[in-house]
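This briefing covers two topics: internal cavities and the pairing of one strand. The sequence and the structure come first.

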Amino acid sequence: MAITTEKLEMKSMPCVPLRGVVIFPMIPITFEVSDKKWIRVCERAAQSNSELLFVTQRELQPDDPTENDLFRFGTTSRIKQLVKMPDGSARMIVDGTARMEVTSFVVSADHITAMGFVRILNIDAAGGIHSEALLMNTVKSVEKMINYLPKASKELIMTVRGIKEPGLLADFIASNILVKYQDKQAVLEEANPVKRLELVNVLLESEEEILRTEQDIHNKVRAQMEQNQRNYYLREQLRVIQNELRGEIPFGAEDGEEDGFFDEDDGDEMNEYAEKIRRVTEGAPTEVRAKLMKELKRLTKIPYGAAEGNVLRNYLDLALEYPWAKKSKDRVDVKSARRVLDADHDGMEKVKERILEYLSVRQLNPDVRNQILCLVGPPGVGKTSIASSIARALHRKYVRVSLGGVRDEADIRGHRKTYVGAMPGRIVNAMSEAGVNNPLILLDELDKLTRDAHGDPASALLEVLDGEQNKTFRDHFLELPVDLSDCMFIATANTLETVPAPLLDRIEVIRLPAYTREEKFSIADHHLIAKQCKRHGLNRRTLRISDEALYDIIDFYTREAGVRHLEREIASLCRKAAMRIADEGVKTCSVTRGNLTEYLGQRKVRPDAISDRNEVGVVNGLAYTESGGDMLRIEVTAVPGTGRIELTGSLGDVMKESARAAITFVRSRTARFGIDPDFYKNCDIHIHVPEGAVPKDGPSAGVTMVTALISELSGRAVRRDVAMTGEISLRGRVMAIGGLREKTMAAYKAGVGIICIPEENVPDLEEVASVVKEHVTFYPCRHVDEVLAIALTEERPDEMAEPAIPEPLVLFSTQTVTVPAATYAVERH
């Protein structure tokens with residue numbers, strides 16, 4: 001080991017910051033300074049032959065560095081030569097003399113003064129075994145690294161071999177070979193010569209690895225470029241030879257050849273394309289084959305690697321994926337189709353009947369056009385799933401096209417093939433996915449289409465869904481007529497309000513109502529329980545759900561038109577049962593009405609129920625919502641005032657207009673019911689529909705408001721077991737409404753015994769559930785007087801009677817708590 005002694009001298013001298021340059025002692029270096037302020041400092045030092053401290057900046061960016069921007073180690077140096085350049089900068093040759101550790105900087109406007117310790121090392125050059133081995137290893141590392149530095153001179157390696165002092169060798173290598181100025185600064189800050197050389201060895205290994213990787217990448221790129229150039233040259237030669245052999249005679253279908261094959265020298269790729277075109281377009285219109293062969297001819301004339309060649313290859317690949325002449329064979333057996341539909345879905349009789357009608361006609365007339373149906377109904381009633389069952393019943397391929405959120409016409413018609421990333425539209429993609437040209441295509445969420453500046457996708461669908469036009473549908477990408485007349489289109493929507501009228505005119509609408517209680521029970525019992533048991537590793541023996549418990553799940557844990565939430569509750573039951581079987585070792589889990597809360601918690605839905613007594617100004621109305629039917633208790637209160645009318649309960653404009661029409665009609669019946677004719681002047685009337693957070697609208701509450709107003713103003717009570725629905729005119733005529741099936745089911749579940757309906761809705765009673773017709777009496781009414789005769793009683797209850805205090809709840813251990821007017825027994829834990 002070399003013996004090293006260090007001498008420290010405290011000095012103060014001018015400082016010049018450098019960007020990206022590190023100076024080492026005993027190593028001459030040439031560099032340029034462009035800042036005029038530092039050039040003046042260097043000129044003064046050169047003229048006086050005095051020492052300067054050169055310190056490297058931490059970052060390259062700041063032009064006027066502060067104390068924090070400079071490293072704490074620099075090199076004291078003398079300027080051997082300074083030459084000013086024409087651009088105002090100065091080039092200088094500098095000799096480093098010693099390392100200096102700066103303790104403080106004094107920054108002024110025109111210079112920086114550094115104060116610190118100058119390290120002067122006295123080294124015994126004899127060294128030891130470790131030093132000798134380190135020197136040899138360093139020389140070998142430099143020799144290996146020189147192979148990756150083509151501009152390195154032979155003098156550099158000779159100089160490295162001639163230096164025998166570790167510190168000087170480390171400084172020389174750091175100054176001349178290392179690339180990053182941060183690595184050079186790290187070497188400068190190491191005072192011990194042997195440790196400094198060890199650090200240089202580590203940095204050399206890292207630099208060598210980086211240079212080796214760069215060279216590998218460069219060689220691969222160069223080889224690829226050479227291969228591409230060679231391929232291009234050979235293809236150009238081949239093309240010229242082919243043109244000479246052909247002369248001016250076109251090839252393929254255009255010159256009368258049936259197969260459209262190329263010469264053997266044209267390459268396997270073109271022959272493969274020609275064979276595929278012949279095979280795929282067999283039975284397709286001649287226009288299709290001519291177009292594809294024309295594009296293939298263009299491809300042969302395009303140089304290899306050109307961008308247009310990739311466009312044409314992409315076009316040919318996608319066009320050949322389309323099933324131009326491939327069909328699937330339909331099932332026309334009506335009985336078999338009925339069995340499939342009944343096995344997959346309960347209810348939905350209208351949809352099933354319509355599909356079976358189509359099959360019957362198809363059996364008698366195979367050339368009949370396919371139908372374009374639109375299933376409209378609330379979420380969760382099975383619109384999407386029935387479409388896949390229809391495809392299975394017909395033995396057709398099934399593809400689903402989601403239209404929710406589509407806002408660009410190109411999503412339907414496709415993009416021009418010259419655009420970057422161009423693709424066919426969703427209709428053509430669906431046909432390619434199906435693999436046949438007569439699939440059943442489900443256009444899901446038709447009512448969720450939007451539009452923007454890129455066009456209206458609903459307008460693009462007009463041609464798709466028109467039976468007279470879709471046999472020549474033209475996709476922008478393919479640029480060929482596509483026959484969609486053999487496809488069966490089924491669209492789904494939650495509402496028709498957002499579907500444009502021209503599009504609605506082209507489709508046959510089938511409305512799917514909300515499921516009744518009995519239908520939900522049947523669906524759950526036949527399908528949902530088995531499906532969830534299989535998914536959770538259970539069966540009907542390990543999980544038994546009683547009928548009463550299933551009805552309670554429908555009534556008290558879900559409120560929806562479909563069965564999605566019901567399926568989630570059944571899945572929750574299965575998870576709880578699986579945990580008990582796995583954790584507690586139970587063989588069978590039986591879910592009954594008594595233990596249902598242990599699995600699903602407390603009831604989540606409070607069912608509607610009629611009042612326990614006849615009331616004044618309170619009438620049971622019926623409403624249709626997205627989740628099915630609902631019973632609305634419309635309340636009216638009249639108080640002395642100035643004739644002001646208050647309407648509350650989140651009512652829409654139509655419902656508010658119904659309330660005003662009802663008040664006007666009541667004014668025409670004041671004498672008949674003993675009502676003050678000036679009530680509209682002397683009373684403030686407040687009409688409220690509870691559940692104020694739920695928006696409500698529609699005209700069907702007209703008769704309900706009239707009944708509530710006359711009851712309140714006359715003091716006569718309304719029968720609690722009567723519900724009603726119907727729009728009212730100013731003359732009192734009761735007009736037809738919608739959603740009778742759902743409304744009557746809600747009334748039946750609430751305990752209503754009599755329902756007043758418009759006479760015009762009597763034909764709709766065929767759709768009402770049989771269980772409702774068995775337990776509810778219907779009165780068809782033409783005029784509101786008929787409704788009043790049924791609903792109003794002669795009873796005039798005293799509304800101001802003192803209410804009875806309810807019984808207290810018994811919860812835990814007894815402790816008496818005194819409150820005003822009563823003493824309750826409260827259980828305390």
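Which residues line the largest cavity? In this predicted model, the lining is made up of Ser611, Arg613, Asn614, Glu615, Val618, Val619, Asn620, Arg633, Val718, Arg719 and Arg720. The points below add to this lining and then turn to strand 12.

**Cavities**

- The model holds four cavities of 30 Å³ or more.
- About 60 Å³ is the volume of the largest cavity.
- Five residues of the lining of the largest cavity are charged, three are polar and three are nonpolar.
- Strand 16 (residues 618-625) contributes three residues to this lining, the most of any contributor.
- Val618, Val619 and Asn620 are among the lining residues, and their numbers fall within the range of strand 16, residues 618-625.

**Strand 12: burial**

- Strand 12 spans residues 488-493, and six of its six residues are buried.
- Met488, Ile490 and Thr492 point one way from the strand, while Phe489, Ala491 and Ala493 point the other way.
- Residues on both faces of strand 12 are all buried.

**Strand 12: pairing**

- Strand 7 (residues 372-376) pairs with strand 12 in the parallel sense, over five bridges.
- Within strand 12, Ala491 is the residue opposite Cys374.
- Strand 9 (residues 440-444) also pairs with strand 12 in the parallel sense, over four bridges.
- Leu442 has Ile490 of strand 12 as its bridge partner.
- Ala491, opposite Cys374, and Ile490, the partner of Leu442, point opposite ways from strand 12 and are both buried.

Methods: Residues numbered from 1 in each chain as written. Predicted model: local features only at pLDDT ≥ 70, side-chain atom pairs only at ≥ 80, totals over all residues. Heavy atoms only, no water. 1 Å grid on protein atoms, 1.4 Å probe; cavity = no way out; pocket = protein on both sides within 12 Å on 5 of 7 lines; lining within 4 Å. Points joined across faces, edges and corners; volume = space filled by probe spheres on them. Helix = DSSP H or I, 4+ residues; strand = E, 2+ residues; numbered from the N terminus. Nonpolar A, V, L, I, M, F, W, Y, C, P; charged D, E, K, R; others polar. Buried < 20%, exposed > 50% of the residue type's maximum accessible area, 1.4 Å probe, protein only. Pairing = 2+ DSSP bridges.
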